[in-house]
Amino acid sequence: MLFKLALRNVLRQKIRSGMTLAAIIFGVVGLILAGGFVQDTFIQLGEVIIHSQTGHLQIFKKDFIEKGTRSPERFLIEAPGELARRIEKHDGVDQVMGRIYFSGLLNNGKRDLSIIGEGVEPDKETKLGSFIMISEGRHLKDSDREGILLGQGVAKTLGLKPGDRVTLVLSAAEGAMNTLDFEVIGVFQSFSKDFDARAVRIPLSAAQELMFTKGSNMLVVSLHKTEDTDRVLGEVTTELQGGAYDVRSWKSLSDFYEKTVQLYDRQFGVLQLIILLMVLLSVTNSVNMSVFERQGEFGTMQALGNRSRDIVKLIIAEGAILGLAGAVIGVALGVAAALIISAIGIPMPPPPNANVGYTAYIRIVPLTLVSSACVGFFGTVLASILPAFKVTRQQVVDALRQNV
């Protein structure tokens, strides 16, 4: 009977209930769209990092991250093929590829440029690097034994294009100098503009020849699904525990990603708080006006024997009905709006320090739907409590005068 009466009261005050409902729906839809956009940013940023730089997992000698940048030749995995075959046996692993790092000088016949280089397994890296764009030429292939892929910044600085010849000079093991001529196969753009300004890629076999080694600095693990990262990380870490290797996931290797997630999480938290306050203020104002206009009605109820707590329950029940309706309608409209926007796409400019823009979408995330609905529902219920207790403080006689 309580909720039946509360529903009749809500339907009786169509304009005021409609305004309150609109505020709740607007808040819920806003949270769903904002949360879906943030989640899409996290997912797309993670996939870009994985498929342009880090892979899902990386395996290397201990202290390589801290000390290997200056002397990568001191941190070589001596039998990378054997270790790669062990890792490939894990469920969910797509492929394992070796990389070797070096620094040196690239000469175009007129000038030198200091570069950082990667020796890679071309066919495997092409499959992994789905977010690396080739602006000129093509990707490296395993058959390109004397081919080199240049970052866009390197090609622009030296004025190089596919088909040009260059000479790579680097310091090999024990300080020996070595050189090798290459043909420019293509020019690439990755997620990082700074990386493209200094980076080149050559076949792993050529890099090993230049550095007089058969080892690799790291093994990059690519998985079928990004969701399996933590599971495979745990399995590989357990298998290699106690050895000379360190295993890292793409998240721990990308400081930029972690900071971006923290920033967006805090921004979305502030947005949730703002919308919650907006709903609270809107509903509180609406309920206050409704209570003021219905003082005579509440006085009559008390005169007929209803206790103060019955009136409090009635007002809160009215708020709960509005909150529930607003949450349900808001979720439905939010999902519909997300699907429509995602079908069109949102063109986004390149992020800071990046070369390539992207198309953003609104992800439908169950947790975001539930949290948005809860904000709308509980915000409305909370906003009804203060006005409900406020009306019970008025004397019955004073309330009955409002009927005259």
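How many cavities of 30 Å³ or more does the structure hold? The structure, which is a predicted model, holds three such cavities. The sections below describe the overall fold, the empty spaces and their linings, one helix with its packing, and several individual residues.

## Overall architecture

The protein chain is built from 15 helices and 12 strands. Of its 404 residues, 48% are buried. When contacts with a separation of 6 or more are considered, 78% of them join residues that are 24 or more positions apart in the protein chain.

## Empty space: a pocket and a cavity

Rolling a probe the size of a water molecule over the atoms shows where empty space is left. The largest pocket found in this model has a volume of about 1,000 Å³. Its lining comprises 35 residues, and those closest to the centre of the pocket are Gln53, Tyr101, Ile116, Glu118 and Phe195. Several elements contribute at least two residues each to this lining, namely the helices α2 (14–54), α3 (64–67), α7 (193–196), α10 (250–253) and α11 (255–293), together with the strands β2 (93–107), β3 (112–120) and β8 (199–203). The largest share comes from β3, which supplies five residues of the lining. By residue class, the lining of the largest pocket divides into 15 nonpolar, 13 polar and seven charged residues.

The second largest cavity encloses about 70 Å³ of space. The residues that line this cavity are Val120, Pro122, Glu125, Thr126, Ile132, His139, Leu140, Leu149 and Arg201. Helix α5 (residues 122–128) provides the largest share of the lining of the second largest cavity, with three residues. Five residues of this lining are nonpolar, two are polar and two are charged.

## Helix α4 and its surroundings

Which residues of helix α4 (residues 80–88) are buried? They are Pro80, Leu83, Ala84 and Ile87. Seen down the axis of α4, these buried residues fall within an arc of 105°, so they line one face of the helix. The underlying geometry is a general one: an α-helix has 3.6 residues a turn, so residues three or four places apart point the same way. The buried residues of α4 pack against β1 (57–61), β2, β9 (218–223), α9 (229–240) and β10 (245–249).

In the loop between α4 and β2 sits His90. With a relative accessible area of 14%, His90 falls under the 20% limit and is therefore buried. Leaving aside residues up to four places away in sequence, His90 touches Glu235, Val236 and Glu239.

## Individual residues and long-range proximity

Four residues from helices and loops are collected here with their relative accessible areas.

| Residue | Location | Relative accessible area | Class |
|---|---|---|---|
| Gln267 | helix α11 | 45% | partly exposed |
| Asp63 | loop between β1 and α3 | 38% | partly exposed |
| Phe212 | loop between α8 (204–210) and β9 | 55% | exposed |
| Ser205 | helix α8 | 28% | partly exposed |

Where does the backbone take a positive phi at a residue that is not a glycine? Asp63, in the loop between β1 and α3, has a positive phi of about 75° although it is not a glycine. Phe212, in the loop between α8 and β9, likewise is not a glycine and has a positive phi of about 55°. At 55% relative accessibility Phe212 lies over the 50% limit, and therefore counts as exposed, whereas Asp63, at 38%, is partly exposed.

The two helical residues in the table each take part in a pairing across the sequence. Gln267 and Val38 are 229 residues apart along the chain, and their C-alpha atoms are separated by 9.6 Å. Ser205 and Glu121 are 84 residues apart along the chain, with a separation of 8.1 Å between their C-alpha atoms.

Another serine, Ser342, is found in helix α13 (residues 308–344). A polar atom of the side chain of Ser342 lies 3.0 Å from the backbone oxygen of Ile362. Apart from residues up to four places away in sequence, Ser342 touches Tyr361 and Ile362.

Notes
Residues are numbered from 1 along each chain as its sequence is written. This is a predicted model: local features need pLDDT of at least 70, side-chain atom pairs count only at pLDDT 80 or more; totals for chains, interfaces and linings use all residues. Side-chain values use heavy atoms; hydrogens and water are left out. On a 1 Å grid over the protein atoms alone, a cavity is a set of points where a 1.4 Å probe fits but cannot get out, and a pocket is an open set with protein on both sides within 12 Å along at least five of seven lines; lining residues have an atom within 4 Å of a point. Grid points are joined across faces, edges and corners, and a volume is the space filled by probe spheres set on the points. Helices (H or I, at least four residues) and strands (E, at least two) are DSSP runs, numbered from the N terminus. Ala, Val, Leu, Ile, Met, Phe, Trp, Tyr, Cys and Pro count as nonpolar, Asp, Glu, Lys and Arg as charged, and the others, Gly among them, as polar. Buried means under 20% relative accessible area, exposed over 50%, partly exposed in between (1.4 Å probe, protein chains only). The arc is that of the directions from the helix axis to the C-beta atoms. Contact means heavy atoms within 4.5 Å. A polar contact is a pair of N or O atoms within 3.5 Å; within protein, one must be able to donate a hydrogen and the other to accept it, and residues adjacent in sequence count only if both atoms are side-chain atoms.
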